[in-house]
Each structure stands twice: as structure tokens, then as C-alpha cells.
Amino acid sequence: MASSVANPLLFSKPCKLFLASARFSTENSSCARALSFCQNFYTSSASLPQHKVHALGRTIEPVIEFAKEEIVRDDPSNNVPDSIFYKLGLQLHRRDQHPLGIVKNAIYGYFDGNYPNKFEKFDNLSPLVSVKANFDDVLVPADHVSRSYNDTYYVDSQTVLRCHTSAHQAELLREGHTRFLVTGDVYRRDSIDSTHYPVFHQMEGVRVFTPADLEGSSSDATSYVAEDLKKCLEGLARHLFGIVEMRWIDTYFPFTNPSFELEIFFQEKWLEVLGCGVMEQDILKTNGRPDSVAWAFGLGLERLAMVLFDIPDIRLFWSTDERFTSQFSKGQLGVKFKPFSKYPPCYKDVSFWISDSFTENNLCEVVRGIAGDLVEEVILTDEFTNKKGMTSHCYRIAYRSMERSLTDKEINDLQWKVREQVEQKLKVILR
């Protein structure tokens, strides 16, 4: 259910692979051992060190180590590239001086202050989940676009990198948890621009009401729970943004009914803050709570942090440049980011005749695999179909470093590799 700055799609254990304290169910343990990566289409041409991410020219050390030799195996359904593998375990949301960690802790502060010792917090759950947990358990339809190979990172046919923190909802309900917050990194194949990134962070909140909790209510259970939900989240919005105008928008999610989005009027425009609703009864019945009613909400940490800190580009969250990191301190919410560079972008075009299997997400995966965080945007600038029925696309790629000027040679080398890999991996005909 969690909305995010990166494509609002769903409400957005260790063995040797994981930190010993991480939760990892029996179901997910088998999933983890099966994680593998294709050695052709999805292997990046970039040479990266053992599980360290080069973020805008520097290195981010992982919080949880994933042993690549135990994870990287051939599987025909695997579409996880190296560039995504190296993000696993970094857990920016668990770094107290990072903007995402600051926002997470501010939300924790609200719940601790208003619901003392009531909400359990989970922020170290494995991002490797079953297809059942990610989709089936939260009632995502079998034909929903989010299940496609084009939108989701599949480890194997039954295991994915979670698309949303709701993937843990059913398991936690089965274990008897009735009030909880789940925060984590989530993964979606997506376009390239200043607000989209294939790895981002969400928080999910759930509260279950027992029949005893609902006694004495003058309204029906669904209405009572929906009003409690709205009261809770309006308080959260005021906690983060101050006194602001708010409005509720009716919407649709597969796993809640009724469903809502909360918008606030902030900096002269309406901003979607989160998605929420009253949990579908089928989820509660399936997971041992047939007589209960519950609410759930989800939000994207990047979306909130970009607004609260005035951060203009989602790539900056991965930067280790001191000119970025030194601007943020633990517990300091809403300090306005001061841009430290205005290096110009360099634009390069690539045109080709597409094949029947071509998708823009696949193109973006190829470009990211080569240029990493040096690519700022990929946009379609021209499209036409000739008399033979062949369709041509022209994409403009914007290269820009947030930290330095790029040389002509550097850009030309990247563009040459992009053209070469696009032709080889996407089976298109360059023009």
C-alpha cells in the first residue's frame, strides 16, 4: 500500500547470508538459497567490488552482508542485475543521520508519543520474499501488472525482491502481532528520472481491532476503524509538516476496502502523503483473525524526505559526499538541503527499431547497468512506424554527476557501451 516517489504501485535469518539478528522465515530461507543472477542480459558490464555500492563516485558499506557466491546462480526466471544485487543490505533507513533514517525515526516518535508501547517496530526483515507473500497474501490479482517480469525483480519463479513492505503483513498477523510498523528497502523495475529509482524505502503500519475493542461503538465496525485510521494519520501529518490543510481522496487498493489517500496542501500545492484503508476481511480470516477488523497504511520515505528536506534528486540519497551527508543530523527533521553543485547535463540520443519484446524498463536496466548513478534521465523523444510496420524509438539520455563535471571522453565511452549493449541485449536494430 505504500506510496512512494518511485511509482506508487502497491500498499507499498539468518543463514550465512544475513546478519544473525535479521528475521528470516523458513519459507524465505529456501528462497534466499535460490537467489541467482543471469550471466547474460542481467549482468552489468561494470566491474564492481564484492557487495559495495559506488554511490555517485564513492562507496557505501552494507549493513547486512550478502555472500554473492551463495546467491548468484543461474535461473531462467531471474532478472536481477548486478546493480540491484549490490544495493541489497545497505538499509539506508537504519542510518540515524541519513534523511531516510531521520524521517523513519520521526514517525516512530509520533507513534511512541501517542501510542506508548503499543506498536512493534520491524526494520530488518529480509527483502527476499515469496511470490505468495508479495502478491497472493495481499490479494493482488493474478493478472495485475505488478506481477510481470517487466515490473518486478524475480529471483526465481517463486521468489522476488519485495515490491512493498506489505509483503510481511500476512506473516506478522499469523504470528499474532496486532499493532506494528514495518520499514524496509523495496525494489521495482522502473523508469529513470529525478523521482524514480529501482530501490527505495517504505513504511507500513497495521492496527488490528478485536471485538472487545469495538464494544460500545455507535457506528459499524468498518466506519469506526476508518475514522480511527484517519485520526491517527492526520496527527502524523501534523507531526511531520505542522499545521496544514488536508483532504481525503477515495481510491482503490486490492487489500483494503474502503481505501483512501491522504493529501496535504504544502508549499502551495497538494501533495499525496500516503495510502491507507480498512483491511480486506479475507486477509484477516486467512491469517487467523476472522472476528477482527484492521486498518493499514503505507508511505514512501523518499517522497517525504524529498519534500521535508528539499532534496531535488532521488539519486542523492545514495551519496556519501560529505557536502551532502554533513548537512543532516540525527533527530533534525526538515533541515533544508543546500545544493553543492550545478554541473551541466550532457545529452546523448540513441535511436533504434524496436522488437516485439522491447520494453522501456528493460532499456533503463541496461542504461543503469552501464552508467549507474551518472544517468539522470531517459526519455522518449520520438516515435514513428514506417510503411513496413517497423516502429522506431528515439531516446534522449541525460548524463550528469551530482559531484563533478563529466568529461567528453567519459560520456562518449558510456554512450558507446550503451549502444552496444542495447543492440545485443534488447535485440533491437540501431539506426
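## Salt bridges

A salt bridge here is a side-chain nitrogen of Lys or Arg within 4 Å of a carboxyl oxygen of Asp or Glu. This structure holds 17 of them. Before we go through some, you should know that the model is predicted: local features need pLDDT of at least 70, side-chain atom pairs count only at pLDDT 80 or more, and totals for chains, interfaces and linings use all residues. Residues are numbered from 1 along each chain as its sequence is written, and side-chain values use heavy atoms, with hydrogens and water left out.

Let's start with D96 and K330, whose closest N and O atoms are 3.8 Å apart. D96 sits in the loop between α3 (82-85) and α4, and K330 in the loop between α11 (322-325) and β13, so this salt bridge ties together parts that are 234 residues apart in sequence. (Helices, H or I of at least four residues, and strands, E of at least two, are DSSP runs numbered from the N terminus.) Are these two buried or exposed? D96 counts as partly exposed at 32% relative accessibility, while K330 counts as exposed at 56%. The cut-offs are simple: buried means under 20% relative accessible area, exposed means over 50%, and partly exposed is in between (1.4 Å probe, protein chains only).

## A network around R315

Which residues are linked with R315 in a network of salt bridges? They are D313, E376 and R400. R315 meets D313 at 3.1 Å, N to O, and for R315 and E376 the closest N and O atoms are 3.3 Å apart. R315 lies in the loop between α10 (301-308) and α11, and E376 in strand β14 (residues 375-385), so that pair joins parts 61 residues apart in sequence. R315 is buried, with a relative accessible area of 3%, and E376 counts as buried too, at 14%. D313 is also buried.

## Rings meeting rings

Now for the aromatic pairs, of which the structure holds 22. Rings of Phe, Tyr and Trp (its six-membered ring) pair if their centres lie within 6.5 Å; planes under 30 degrees apart count as stacked, over 60 as edge-to-face and the rest as tilted. F111 and F297 are stacked, at 6.0 Å centre to centre with 5° between the planes. F111 lies in helix α4 (residues 99-114) and F297 in strand β12 (residues 293-300), so the pair ties together parts 186 residues apart in sequence. F111 is buried at 1% relative accessible area, and F297 is buried at 0%. Both belong to a cluster linked by ring pairs, along with Y110, Y115, F119 and W295.

A charge can sit over a ring as well, if NZ of Lys or CZ of Arg is within 6 Å of the ring centre and within 35 degrees of the ring normal. The charged end of R247 does this over W270, 4.0 Å from the ring centre, and R368 does it over Y197 at 5.8 Å.

## The nonpolar core

A nonpolar core is a set of buried Ala, Val, Leu, Ile, Met, Phe, Trp, Tyr and Cys residues joined through side-chain atoms within 4.5 Å. The largest one has 69 residues, and I107, F111 and F241 touch the most other members. Helix α8 (residues 221-241) gives the largest share of this core, nine residues.
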